[in-house]
Amino acid sequence: MAADWRRAHLVERLPQTATARSLAFTVPGWPGHLAGQHVDVRLTGDDGYQAARSYSLAAPAEGERIELGVQAVADGEVSPYLADGLPVGADVEVRGPLGFWFVWRPEQTGPVLLVGGGSGVVPLTAMIRAHREAKSPSDFQLVYSVRTPEDFWYGDLLSEGADHLDVDVLYTRRAAPGSSRAPGRISADDLRGHVSRLAGAGTVFVCGPTAFVEAVSDHLVDLGRDSGSIRTERFG
Amino acid sequence: MGTFSPGFHGRARGLADKLPPGQYPTESFPVLSAGPTPRVPTETWTFTVTTENGDSRGWTWDEMMALPQEDTVHDIHCVTRWSKFDTPWRGVPVDAFLEDVETAADYAVAVSHGGYTTNLPLEDLLDGKAWVVHTYDGFPLSPEHGGPARLLVPHLYFWKSAKWVRELRLTLEDEPGFWESVGYHNYGDPWREQRTWDD
Ligand SMILES: Cc1cc2nc3c(=O)[nH]c(=O)nc-3n(C[C@H](O)[C@H](O)[C@H](O)COP(=O)(O)OP(=O)(O)OC[C@H]3O[C@@H](n4cnc5c(N)ncnc54)[C@H](O)[C@@H]3O)c2cc1C
């Protein structure tokens with residue numbers, strides 16, 4: 001018998017970029033979750049046809065309220081509907097929380113390096129919010145790779161320079177004005193300083209499209225990071 | 001009906017008999033891994049079968065490649081909900097590695113380079129139900145998909161098809177592997193939708 005699906009009621013939709021949205025749902029009976037976990041979202045057509053995909057939780061739970069971040073993928077079956085089709089006030093079904101490895105717990109005191117590409121920033125943002133809520137003393141660094149300044153998610157949260165959070169934004173196509181780094185894919189050099197700040201301790205969380213996660217985790221291993229301390233989540 | 005996701009239409013129907021519940025078909029080949037992709041050169045690659053008594057038998061890459069090879073085509077189903085139809089593999093049936101092995105074990109743990117483990121009942125690896133594969137669609141299996149060689153157990157969710165496999169440890173007791181210890185289902189039958197501990 002498959003575990004239960006819960007009714008999730010869309011209460012708010014906010015744009016993050018031209019094609020990405022934050023969605024807030026209320027889920028009666030939501031049991032709570034850890035930062036980094038995801039849910040499966042299930043849609044049902046009029047004829048009973050169903051489609052499900054995974055989406056990371058973007059924030060710690062606030063009671064029955066959960067937040068997702070969805071990038072509309074061109075020709076996608078589910079993401080364009082979630083991003084723009086589902087009316088506020090309507091329901092979908094969710095199952096979760098899921099994912100038991102790619103999680104950060106406030107009890108963890110070691111330093112943390114988060115490396116996100118595009119929508120891969122979603123579960124990392126949940127960790128950043130959980131870290132801030134817990135007033136955790138652990139040193140947090142975020143390396144965030146986006147195409148252009150317009151593709152930046154969670155602008156108010158990730159550029160504000162919170163205590164214990166260093167944000168390093170890497171542009172792959174077009175950099176922000178005044179940025180000293182030429183646009184380009186993330187390299188080992190981009191990560192070197194962040195890795196040495198960990199001084200061999202702590203955990204690295206890497207999330208994004210498969211090619212991004214592969215490239216970053218290879219760089220981390222080349223820079224001497226122990227494989228066992230690198231946790232990855234691949235979105236595609 | 002109609003109480004969820006108003007206005008959602010979705011894609012073409014009609015794969016119902018090929019698609020396990022809750023899955024969607026994909027043409028691409030997504031990747032699920034817990035950490036970095038290990039690089040395992042074939043020069044130093046070995047594959048070992050260890051029994052419950054600690055007896056072991058090993059194969060180098062060349063020895064494995066000298067065993068009778070099979071071409072085999074399967075639908076594969078990942079717990080992250082994608083299914084991919086008619087995937088073509090080449091490799092050695094697990095039966096070939098167990099032929100001369102004396103064991104009373106009912107279970108096996110597949111151990112990978114990089115430390116990943118996954119557990120299966122031994123019978124799920126026998127009688128042509130599982131392979132050690134090294135070629136996908138005519139090309140050497142790429143590292144992110146488990147190359148140089150991975151287990152292929154297509155009738156279970158794909159995390160049971162351990163990537164970068166290096167050992168089969170035969171055990172008398174069932175020993176949960178990596179994902180099975182952190183919340184995934186112990187057996188993982190996609191047709192019974194055995195995704196997590198709750199299923
Ligand atoms: C654990 C996990 C967590 C995830 N968390 C998030 C999240 O927080 N936010 C989010 O937006 N997505 C997330 N994803 C990806 C999400 O589950 C879907 O794969 C994605 O929304 C595309 O679904 P779709 O139905 O729109 O496209 P599909 O109909 O499945 O695919 C349409 C086309 O898009 C391509 N495609 C599929 N996925 C992607 C992708 N991620 N990027 C680019 N092209 C793609 C396919 O190859 C295909 O050609 C997560 C995936 C996993 C496994």
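## The two chains

Chain A is built from five helices and eleven strands. This is a predicted model, so please read every value below as computed from predicted coordinates. Along its principal axes, the box that holds the C-alpha atoms of chain A is roughly 55 × 40 × 30 Å. Chain A has 236 residues, for which a compact globule would have a radius of gyration near 18 Å; the chain itself has 18 Å, so the two agree.

Turning to its partner, chain B comes to three helices and eleven strands. Read from the N terminus, their order is β-β-β-α-β-β-α-β-β-β-β-β-β-α. The C-alpha atoms of chain B fill a box of roughly 60 × 35 × 30 Å, again taken along the principal axes. For its 199 residues the compact-globule value is near 16 Å, and the radius of gyration of chain B, 18 Å, agrees with that.

## An annotated stretch of chain B

What does the UniProt record say about chain B? An unreviewed UniProt entry places the feature "domain: Oxidoreductase molybdopterin-binding" at residues 35–179 of chain B. Over residues 35–179 the chain is 9% helix and 41% strand. The C-alpha atoms at the two ends of this stretch are 12 Å apart.

## Where the chains meet

Let's look at the interface next. On the chain A side 42 residues are in contact with chain B, and on the chain B side 35 residues are in contact with chain A. Together the two chains bury about 3200 Å², with 55% of that area on carbon and sulfur atoms.

How many residue pairs are in polar contact between chain A and chain B? The count is 17, with both residues of a pair at pLDDT 80 or more. The elements of chain A that give two or more residues to this side are strand S3 (38–44), strand S4 (50–56), strand S6 (91–98), helix H5 (210–222) and strand S11 (230–234). By residue class, the side of chain A that touches chain B divides into 18 nonpolar, ten polar and 14 charged residues.

## Salt bridges

Over all chains the structure holds 26 salt bridges, and four salt bridges are found across the interface of chain A and chain B. The side chains of Arg39(B) and Asp218(A) form a salt bridge, with a distance of 2.9 Å from N to O.

Within chain A, Glu77(A) and Arg53(A) meet through their side chains in a salt bridge at 3.1 Å, N to O. Why does this pair tie together separate parts of chain A? Glu77(A) lies in the loop between strand S5 (65–71) and helix H1 (79–85), while Arg53(A) lies in strand S4, so the salt bridge links parts that are 24 residues apart in sequence.

## Backbone details worth a look

Most peptide bonds are trans, and most residues other than glycine have a negative phi. With that in mind, here are some places to inspect in the backbone. In chain A, the peptide bond joining Gly96(A) and Pro97(A) is cis, with omega about 5 degrees. Pro97(A) lies in strand S6 of chain A, one of the elements that give two or more residues to the side touching chain B.

Chain B has a cis peptide bond from Gly147(B) to Pro148(B), where omega is near 15 degrees. Pro148(B) belongs to the loop between strand S9 (139–140) and strand S10 (150–152) of chain B. Back in chain A, Lys135(A) has a positive phi, near 50 degrees, and is a residue other than glycine. Lys135(A) sits in the loop between helix H2 (121–133) and strand S8 (140–146) of chain A.

How values were computed. Residues numbered from 1 in each chain as written. Chains lettered and ligands numbered in written order. Predicted model: local features only at pLDDT ≥ 70, side-chain atom pairs only at ≥ 80, totals over all residues. Heavy atoms only, no water. Contact = heavy atoms within 4.5 Å. Buried area = accessible area lost by both parts, 1.4 Å probe. Polar contact = N/O pair within 3.5 Å; in protein donor to acceptor, adjacent residues only side chain to side chain. Helix = DSSP H or I, 4+ residues; strand = E, 2+ residues; numbered from the N terminus. Nonpolar A, V, L, I, M, F, W, Y, C, P; charged D, E, K, R; others polar. UniProt positions renumbered as here; feature names shortened; annotations may be inferred. Rg over C-alpha atoms; globule rule 2.2 N^0.38 Å.
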